[in-house]
Amino acid sequence: GNLDGHRILVVEYLNSELKPSGKTAACVDTVNAGSGEVVMLCSSSSARYTATTSNVATDNTIIGIVDTISSDKKRLYKKNQD
């Protein structure tokens, strides 16, 4: 699998309180994520099932940028909220 031309970002996993967990992963970025954005990723063999990573040797792929996170009708996170 070829990584040429693919942007690689280091992401930090969040814990259940949406705080940095200290665990990181190098991910192929398929959505042009920016610094500080909350993203969704897929890992293992699923990381290679996107249109841009089908022939790429990756175990982690960013597949989306999160706008909001809610639980029990309570908003826990909103992108660009001060």
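# A tour of an all-strand model, starting at Y13

Begin by selecting Y13, which, leaving aside residues up to four places away in sequence, touches K19, P20, S21, G22, K23, T24, A25, L41 and N60, where a contact means heavy atoms within 4.5 Å. This is a predicted model, in which local features need pLDDT of at least 70 and side-chain atom pairs count only at pLDDT 80 or more, while totals for chains, interfaces and linings use all residues. Residues are numbered from 1 along each chain as its sequence is written, and side-chain values use heavy atoms, with hydrogens and water left out.

**Y13 and its strand**

Keep Y13 selected and colour by secondary structure: Y13 is found in strand β1, where strands (E, at least two residues) and helices (H or I, at least four) are DSSP runs numbered from the N terminus. At 27% relative accessibility Y13 counts as partly exposed, a class that lies between buried, under 20% relative accessible area, and exposed, over 50%, with a 1.4 Å probe and protein chains only. If you then add V39 to the selection, you will find that Y13 and V39 are 26 residues apart in sequence and 9.4 Å apart in space, C-alpha to C-alpha.

**The whole chain**

Zoom out and show the full trace, which has six strands and zero helices and follows the pattern β-β-β-β-β-β when read along the sequence. The C-alpha trace spans about 40 × 25 × 20 Å along its principal axes. Of the 82 residues in the protein, 23% are buried, and among contacts between residues at least 6 apart in sequence, 42% join residues at least 24 apart. With the surface switched on, the accessible area comes to about 5,800 Å², of which 46% belongs to carbon and sulfur atoms; such areas come from the Shrake-Rupley method with a 1.4 Å probe, and for residues only the protein chains shown count as cover.

**The β1-β2 hairpin**

Next select residues 8-14 and residues 20-29, which are strands β1 and β2, running antiparallel and joined by six bridges; two strands are taken to pair if DSSP finds at least two bridges between them. Within this pair, I8 stands opposite V28 in β2. While looking along the strands, it may help to recall that in a regular strand the side chains alternate between the two faces of the sheet.

The two strands β1 and β2 form a hairpin with five residues between them, and the residue to pick in that turn is L18, in the loop between β1 and β2. L18 has a positive phi of about 65° although it is not a glycine, and its relative accessibility of 27% makes it partly exposed.

**Charges and two salt bridges**

Now colour the charged side chains, of which 9 are positive and 9 negative, the centres of the two sets lying 7 Å apart. Here Lys and Arg count as positive and Asp and Glu as negative, without His or the chain ends, and the place of a charge is NZ of Lys, CZ of Arg, CG of Asp or CD of Glu.

How many salt bridges does the structure hold? The structure holds two, a salt bridge being a side-chain nitrogen of Lys or Arg within 4 Å of a carboxyl oxygen of Asp or Glu.

For one of them, select R7 and D29, whose closest N and O atoms are 3.1 Å apart. This pair links distant parts of the chain, with R7 in the segment before β1 and D29 in strand β2, 22 residues apart. R7 is partly exposed, with a relative accessible area of 36%, whereas D29 counts as buried at 10% relative accessibility.

Then move to E37 and K79, whose side chains meet in a salt bridge at 2.8 Å, N to O. This pair too links distant parts of the chain, 42 residues apart, with E37 in the loop between β2 and β3 (39-43) and K79 in the segment after β6 (74-78). E37 counts as partly exposed at 25% relative accessibility, and K79 counts as partly exposed at 26%.

**Two loop residues to finish**

Select N55, in the loop between β3 and β4 (60-65), which counts as exposed at 63% relative accessibility. Adding N2 shows that the C-alpha atoms of N55 and N2 are separated by 6.7 Å, although these residues are 53 apart along the chain.

The last stop is D72, found in the loop between β5 (68-71) and β6. D72 has a positive phi of about 50° although it is not a glycine, and at 76% relative accessibility D72 counts as exposed.
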